[in-house]
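Student: Could you take one part of this model and go through it closely with me, and then set that part in the context of the whole chain?

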Amino acid sequence: MRDPERIDPVLAAVREIWMEYPDLRLGQLLVNAVRPAEPCPELYSVEDSALVRKLQELAALLSQAQR
């Protein structure tokens with residue numbers, strides 16, 4: 001299992017830069033930071049509201065899988 005202690009520092013780093021550049025969508029921010037070898041338009045272009053919905057759907061699926 002990965003160390004859950006890594007989550008807060010990662011989110012803090014994302015928050016810090018995102019607060020400085022709030023016009024970026026989260027996907028844009030992540031793609032720009034990672035600079036993948038292949039384009040990733042699905043992540044780059046996803047609206048934050050759609051990303052929240054997808055994360056909620058994933059949480060529900062994972063919750064069901066644990067039952």
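Tutor: Before we start, one convention about charge is needed: Lys and Arg count as positive and Asp and Glu as negative, while His and the chain ends are not counted. With that convention, the chain of this predicted model has 8 positive and 11 negative side chains, and the centres of these two sets lie 6 Å apart.

The part to look at closely is Gln28, which is found in helix 2, the element that covers residues 26-34. Because buried means under 20% relative accessible area, Gln28, with a relative accessibility of 11%, counts as buried. If we leave aside the neighbours of Gln28 within four places in sequence, the residues in contact with Gln28 are Asp23, Leu43 and Tyr44.

Turning from Gln28 to the whole chain, we find that its secondary structure comes to four helices and zero strands, so that the order of elements, read from the N terminus on, is α-α-α-α. The radius of gyration of the chain is 14 Å, well over the 11 Å that the globule rule gives for 67 residues, and the chain is therefore more spread out than a compact globule. Along its principal axes, the C-alpha trace spans about 40 × 25 × 25 Å.

As for the surface, buried residues make up 15% of the 67 residues in the chain, and Gln28 counts as buried. The accessible surface of the chain comes to about 6000 Å², and 59% of that surface belongs to carbon and sulfur atoms.

Methods:
Residues numbered from 1 in each chain as written. Predicted model: local features only at pLDDT ≥ 70, side-chain atom pairs only at ≥ 80, totals over all residues. Heavy atoms only, no water. Helix = DSSP H or I, 4+ residues; strand = E, 2+ residues; numbered from the N terminus. Buried < 20%, exposed > 50% of the residue type's maximum accessible area, 1.4 Å probe, protein only. Contact = heavy atoms within 4.5 Å. Rg over C-alpha atoms; globule rule 2.2 N^0.38 Å. Areas by Shrake-Rupley, 256 points an atom, 1.4 Å probe, with all protein chains shown as cover. Charge placed at Lys NZ, Arg CZ, Asp CG, Glu CD.
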